Amino acid sequence: MAYELTGKIKLLQEAKTFDSGFTKREMVVVVEDGKYPQEINLEFVQDKVALLDSLQPGQEVTVTF
């Protein structure tokens, strides 16, 4: 089962590579959900890190996970 969210990018972290070779990058998306916006932290790993290269804070995105 897949989930989808749409919101604006609040923060894009730099990619982190660990000694083991594992790479991750985090993105925070603000979802306007009723009265209180929700900040959702999404983590991209390994080959999916490159998907964030063309994105900018403030940009609206739809993420399926």
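Biologist: Leaving aside its neighbours within four places in sequence, which residues is Lys24 in contact with?

Modeller: First, a caution: this is a predicted model. Look for residues that are distant in sequence but have heavy atoms within 4.5 Å. For Lys24, those partners are Glu14, Ala15, Lys16, Phe18, Glu43, Phe44, Val45 and Val49.

Biologist: In which strand does Lys24 lie?

Modeller: Strand β3, which covers residues 23-31.

Biologist: How many helices and strands does the protein chain have?

Modeller: Zero helices and five strands. Along the sequence, the pattern reads β-β-β-β-β.

Biologist: Does Lys24 count as buried or exposed?

Modeller: Compare its relative accessibility with the cut-off: buried means under 20%. Lys24 counts as buried because its value is 17%. Across the 65 residues of the protein chain, 29% count as buried.

Biologist: With which side chains does the side chain of Lys24 make a polar contact?

Modeller: Search for N or O atoms within 3.5 Å, with a possible donor and acceptor. The side chain of Lys24 reaches the side chain of Glu26 at 3.4 Å. It also makes a polar contact with the side chain of Glu43, at 3.4 Å. Glu43 is also among the contacts listed earlier.

Biologist: How many positive and negative charges does the protein chain have, and how far apart are their mean positions?

Modeller: There are 7 positive and 11 negative charges, and their mean positions are 4 Å apart.

Biologist: What of the accessible surface of the protein chain?

Modeller: The total is about 4,900 Å², and carbon and sulfur atoms account for 51% of that surface.

Notes:
Residues numbered from 1 in each chain as written. Predicted model: local features only at pLDDT ≥ 70, side-chain atom pairs only at ≥ 80, totals over all residues. Heavy atoms only, no water. Helix = DSSP H or I, 4+ residues; strand = E, 2+ residues; numbered from the N terminus. Buried < 20%, exposed > 50% of the residue type's maximum accessible area, 1.4 Å probe, protein only. Areas by Shrake-Rupley, 256 points an atom, 1.4 Å probe, with all protein chains shown as cover. Lys, Arg positive; Asp, Glu negative; His and termini not counted. Charge placed at Lys NZ, Arg CZ, Asp CG, Glu CD.
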